[in-house]
Amino acid sequence: MKRREFIVALGAIGSYPGAAFAQQSPRFAHMHSHVMLRQGLSPEGLAHDGMLVVAEKIIPDYALIRPMGGKLGVFRDAQPGEMRRSFETQLERMRARIASEAIPLVDSVAALDKVVRERTPGVAISSEGADFLEGDLAYLEKMRKIGLVHLQLVDAKPEDVKIGM
């Protein structure tokens, strides 16, 4: 399965006529969710909120974020390996929670097609920030194979990514 095929399929979900719920207009895909962190994750909760696909975020720098001057900010630099350990711990917990709640994991085009066809809410695993890669793109491929499908390159520290400067 190619990443591009998956992204195109996920983007098309909103235009899929068979995905409409009878009682409400669903938010077909929520691509920046912290629902598991805020209220827990359950098929009933996702269906109640009208969500078909939720990209649930892993937050590798969660332990580094604190309220600072009325907003959230990173209060210290990560130690070597800290972000990766945090990512792996959260990924393991998330996969266990998804499995224990019997929520379909949307990690392929086929899994997405099944969620759309059966109108059963599913979860795509996402990461808020790419610091956990520590410059190792082979690690990204390893994480992709075990379920990571959405990667937000930067979040709390936009100064770390210099584009066109």
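**R84 is buried, with a relative accessible area of 17%, where buried stands for under 20%, exposed for over 50% and partly exposed for values in between (1.4 Å probe, protein chains only).** This is a predicted model, in which local features need pLDDT of at least 70 and side-chain atom pairs count only at pLDDT 80 or more, while totals for chains, interfaces and linings use all residues. Residues are numbered from 1 along each chain as its sequence is written, and side-chain values use heavy atoms, with hydrogens and water left out. The side chain of R84 meets that of D136 in a salt bridge with an N to O distance of 3.9 Å, the term being reserved for a side-chain nitrogen of Lys or Arg within 4 Å of a carboxyl oxygen of Asp or Glu. Because R84 lies in helix α4 and D136 in the loop between β5 and α6, the pair ties together parts that are 52 residues apart in sequence. D136 itself is partly exposed, at a relative accessible area of 31%.

**Helix α4 covers residues 82-100, with helices (H or I, at least four residues) and strands (E, at least two) taken as DSSP runs numbered from the N terminus.** The expected span of a helix is 1.5 Å times one less than its number of residues; for the 19 residues of α4 this gives 27 Å, in agreement with the 27 Å between its end C-alpha atoms. Buried positions in the helix include M83, F87, L91, M94 and I98. E82, likewise buried at a relative accessible area of 17%, forms a salt bridge with R76, the closest N and O atoms being 2.7 Å apart. R76 is partly exposed, with 30% relative accessibility. A further salt bridge joins the side chains of R97 and E101 at 3.6 Å, N to O, and both partners are partly exposed, R97 at 30% and E101 at 26%.

**K57, in strand β2 (residues 51-58), is buried yet has no salt bridge.** The nearest side chain of opposite charge, E128, is 5.1 Å away, counting Lys and Arg as positive and Asp and Glu as negative, with His and the chain ends not counted. The side chain of K57 instead makes polar contacts with the side chains of S126, at 3.3 Å, and Q152, at 2.9 Å. A polar contact is a pair of N or O atoms within 3.5 Å; within protein, one must be able to donate a hydrogen and the other to accept it, and residues adjacent in sequence count only if both atoms are side-chain atoms.

**A102 and E134 take positive phi angles, of about 55° and about 50° respectively.** Neither A102 nor E134 is a glycine. A102 comes just after α4, in the loop that leads to α5 (109-118), and is exposed, with a relative accessible area of 62%. E134 is found between β5 (122-128) and α6 (137-145) and counts as partly exposed at 44%.

**A78 sits in the loop between β4 (71-74) and α4.** Leaving aside neighbours within four places in sequence, A78 is in contact with L64 and M83, contact being heavy atoms within 4.5 Å. The C-alpha atoms of A78 and F132, 54 residues apart along the chain, are separated by 10.0 Å. A78 counts as partly exposed, at 30% relative accessibility.
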